Amino acid sequence: MNDFMKIAVQEAFDGLKNNDGGPFGAVIVKNNEIIASSHNEVLKNNDPTDHAEMIAIRKASKVLGRFGLSDCEIYSSCEPCPMCFAAIYWAKIKKLYYGCTREDAGKVGFDDEYIYNVIKGTKVNKQVDTINIDRDLCLELFRKWENTINRKQY
């Protein structure tokens, strides 16, 4: 077993033992050194975004003092959900290793297929109604951003 995956799995077991959340763990590595590790804390913090990968990315960003993690890899005990995959993408992490598949997760009650189908546009009955309003007012924010001289693109 990969040493980093072993730690991700141990994180998941620790989270289960403490009833912090589901059976998920993650580790972020840079140059073969662990920068951050975490497990799911959805139940502990009553926060639906406190997935192992999200927490690991937050921790790694704090440790490294930057939001870009392009020189890091992530090990996850399970294929990330759409939210976590998007966060991995936004952090510019170049390599993701995962253990269980999303199908494995679905079999134990963590079924992300609905969200994947909404993203693909193949789901007709959506859980969230989305309504575009006040676009002109909100576009002012983008104009302000475009005209900010010292902005830092991310």
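# Buried helix, core and charges

Q: Which residues of H3 are buried?
A: In this predicted model, H3 has Ala-52, Glu-53, Met-54, Ile-55, Ala-56, Ile-57, Ala-60 and Ser-61 buried. To earn that word, a residue has to come in under 20% relative accessible area.

Q: What do the buried residues of H3 pack against?
A: They sit against three strands and a helix: S1 (25-30), S2 (33-39), S3 (72-78) and H4 (82-90). The cut-off for contact here is heavy atoms within 4.5 Å.

Q: How do you know that the span of H3 is close to the one expected?
A: H3 covers residues 52-64, so 13 residues at 1.5 Å for each one less than that number set the expectation. That gives 18 Å, and the first and last C-alpha atoms of H3 are 18 Å apart. Just after the helix, Gly-65 takes a positive phi of about 70°.

Q: What makes Leu-69 count as buried?
A: Its relative accessible area is 0%. The cut-off is under 20%, so Leu-69 is buried. And that's for a residue in a loop, the one between H3 and S3.

Q: What does Leu-69 touch, not counting residues up to four places away in sequence?
A: Quite a list: Ile-28, Ile-57, Ala-60, Ser-61, Leu-64, Ala-91, Lys-92 and Ile-93. There's also a sequence-versus-space pairing to look at: Leu-69 and Lys-94 are 25 residues apart along the chain, with their C-alpha atoms 8.3 Å from each other.

Q: Which residues touch the most other members of the largest nonpolar core?
A: Ile-28, Ile-57, Ala-60, Leu-69, Ile-74 and Ile-93, out of 21 residues in that core. At least two core residues come from each of S1, S2, H3, S3 and H4. H3 gives the most, with five.

Q: What does the second, separate core include?
A: Met-5, Ala-8, Val-27 and Tyr-75 are among its six residues. To belong to a nonpolar core, buried residues of the listed types have to be joined through side-chain atoms within 4.5 Å.

Q: Why are S1 and S2 called a pair of strands?
A: Pairing needs at least two bridges, and six join S1 to S2, so they qualify. The two strands run antiparallel. One of the bridges has Ala-26 partnered with Ser-38 in S2. Two residues lie between the strands of this hairpin, where Asn-31 takes a positive phi near 50°.

Q: Why is the contact of Lys-44 with Glu-41 called a salt bridge?
A: The closest N and O atoms are 3.8 Å apart, and the limit is 4 Å, so the pair counts. Glu-41 is buried at 13% relative accessibility, whereas Lys-44 is partly exposed at 49%. Since exposed starts over 50%, that 49% keeps Lys-44 in the partly exposed class.

Q: What makes Arg-102 and Glu-103 a salt bridge?
A: Their N to O distance is 3.9 Å, and that is within 4 Å, so the pair counts. Arg-102 is partly exposed at 27%, and Glu-103 is partly exposed at 45%.

Q: Which residues do salt bridges that share partners join into one network?
A: Lys-30, Arg-66 and Asp-71. Within it, Asp-71 and Arg-66 bring their closest N and O atoms to 3.0 Å. Both are partly exposed, Asp-71 at 34% and Arg-66 at 30%.

Q: How many salt bridges does a search of the whole structure find?
A: Six.

Q: Why does Asn-117 count as buried?
A: Its relative accessible area is 18%, and the cut-off is under 20%, so it falls in the buried class. Asn-117 belongs to helix H6, residues 113-120. Leaving out residues up to four places away in sequence, it touches Thr-122 and Lys-123.

Q: How many helices and strands does the protein chain have?
A: Seven helices and four strands, which follow one another as α-β-β-α-α-β-α-β-α-α-α.

Q: What percentage of the 154 residues in the protein chain do buried residues make up?
A: 33%. The accessible surface is about 10,600 Å², with 54% of that belonging to carbon and sulfur atoms. For contacts with a separation of 6 or more, residues 24 or more positions apart account for 47%. The C-alpha trace spans about 55 × 40 × 25 Å along its principal axes.

Definitions and conventions
Residues are numbered from 1 along each chain as its sequence is written. This is a predicted model: local features need pLDDT of at least 70, side-chain atom pairs count only at pLDDT 80 or more; totals for chains, interfaces and linings use all residues. Side-chain values use heavy atoms; hydrogens and water are left out. A salt bridge is a side-chain nitrogen of Lys or Arg within 4 Å of a carboxyl oxygen of Asp or Glu. Buried means under 20% relative accessible area, exposed over 50%, partly exposed in between (1.4 Å probe, protein chains only). Accessible areas come from the Shrake-Rupley method with a 1.4 Å probe; for residues, only the protein chains shown count as cover.
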